[in-house]
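Dear colleague,

I am handing over the structure we spoke about, and it is shown just below. Please look through it first, and then read the notes that follow.

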Amino acid sequence: MIPEIVIKIDDARSIAALDRVNRIQAGAPVLMRQIAGIMHTEVEDNFEAQGRPRWAPLKPSSLESKYRREAVTRKGLARRDNISRFQNAVRGNKILQASGSLASSVVMFSSATQAIVGANKVYAAIHQFGGKTKPHVIRARRKKALAFGGIMRKSVNHPGSVIPARPYLALGPEGGTRIKSADINYLRNLIKP
């Protein structure tokens, strides 16, 4: 017959250490959710500040095409009003926020072991990292032809566009400090008896 072996831990320090390990595991999801929230706020701040450091400005041709799209969708505006709208667009245009779709697509996720912030738009990566779009054909959709500089065409071969990197999924200087503070506060609370 095999003798029964029983191990008993009577050491209060060991029991307290095991208790802290259990508290670390139990509190980790809360810490990760807090970190994801900090990162999400940092991304919102990047959109508001238009980059930290500041993003490359829009080209005048991009601003002009945006103005023309707005003018076409608002038929009946006086020409004088259209010109002032264009001038205001050049002065106060928010980069990466033509429709607000990219900024509103930023989501956060957290678990016990990770904190993630990302964007769920197909074009999100090219704005984050920069790159070149593929050459493609532009065809008239609502009208019979496209007009470019007085020339009418049914379709046009577009060579592709170079998109500069405008990293919006980034931590500013305060973001890293806020995450470190959250970590330190979390660990301090665990060490308390």
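**Notes on the model**

Leu-96 counts as buried because its relative accessibility is 14%, where buried means under 20% relative accessible area, exposed means over 50% and partly exposed lies in between, all with a 1.4 Å probe and protein chains only. The model is a predicted one, in which local features need pLDDT of at least 70 and side-chain atom pairs count only at pLDDT 80 or more, while totals for chains, interfaces and linings use all residues. Residues are numbered from 1 along each chain as its sequence is written, and side-chain values use heavy atoms, with hydrogens and water left out.

**Overall layout**

The protein chain has six helices and eight strands, these being DSSP runs numbered from the N terminus, with H or I over at least four residues for a helix and E over at least two for a strand. Along the sequence they come in the pattern α-α-α-α-β-β-α-β-β-β-β-β-β-α. Of the 193 residues in the protein chain, 22% are buried. Among contacts (heavy atoms within 4.5 Å) with a separation of 6 or more, 67% are between residues 24 or more positions apart.

**Helix α1 and what follows it**

Helix α1 covers residues 12-49, which is 38 residues, and spans 53 Å from its first C-alpha to its last, close to the 56 Å expected at 1.5 Å a residue; the expected span is 1.5 Å times one less than the number of residues. The helix has a kink of about 40° at Gly-27, shortly before Pro-29, where the bend is the angle between axes fitted to the seven residues ending at a residue and the seven starting there.

Gln-50 comes after α1, in the loop between α1 and α2, and has a positive phi near 60° although Gln-50 is a residue other than glycine. With a relative accessibility of 9%, Gln-50 counts as buried. Pro-53 belongs to the loop between α1 and α2 (60-73), and the peptide bond that joins Arg-52 and Pro-53 is cis, with omega about 5°. As background for both features, most residues other than glycine have a negative phi, and most peptide bonds are trans. Leu-96, in the loop between α3 (79-92) and α4 (101-104), also has a positive phi, of about 65°.

**The largest nonpolar core**

Which residues touch the most other members of the largest nonpolar core? They are Phe-47, Leu-96 and Tyr-168, in a core of 20 residues, where a core is a set of buried Ala, Val, Leu, Ile, Met, Phe, Trp, Tyr and Cys residues joined through side-chain atoms within 4.5 Å. Both α1 and α6 supply at least two residues each to this core, and α1 gives the most, with eight residues. Leaving aside neighbours within four places in sequence, Phe-47 is in contact with residues including Trp-55, Leu-96, Leu-102, Val-106 and Tyr-168. In soluble globular proteins, nonpolar side chains tend to be buried together.

**A hairpin of two strands**

Strands β1 (residues 106-110) and β2 (residues 115-119) pair in the antiparallel sense over five bridges, pairing being counted if DSSP finds at least two bridges between two strands. Four residues make up the hairpin connection from β1 to β2. Val-106 has Ala-119 as its bridge partner in β2, and Ser-110 has Ala-115.

**Two basic side chains**

Are Arg-166 and Lys-154 buried or exposed? Arg-166, in the loop between β8 (162-163) and α6 (173-191), is buried, with a relative accessible area of 6%. A polar atom of the Arg-166 side chain lies 3.3 Å from the backbone oxygen of Pro-57. Not counting residues up to four places away in sequence, Arg-166 touches residues including Trp-55, Pro-57, Leu-96 and His-127.

Lys-154, by contrast, counts as exposed, at 67% relative accessibility, and is found in the loop between β6 (151-153) and β7 (155-158). Lys-154 lies 6.7 Å from Lys-144, C-alpha to C-alpha, with their positions ten residues apart in sequence numbering. Beyond residues up to four places away in sequence, Lys-154 touches Ile-138, Arg-139, Ala-140, Lys-144, Ala-145 and Leu-146.

With best regards

Notes: Polar contact = N/O pair within 3.5 Å; in protein donor to acceptor, adjacent residues only side chain to side chain.
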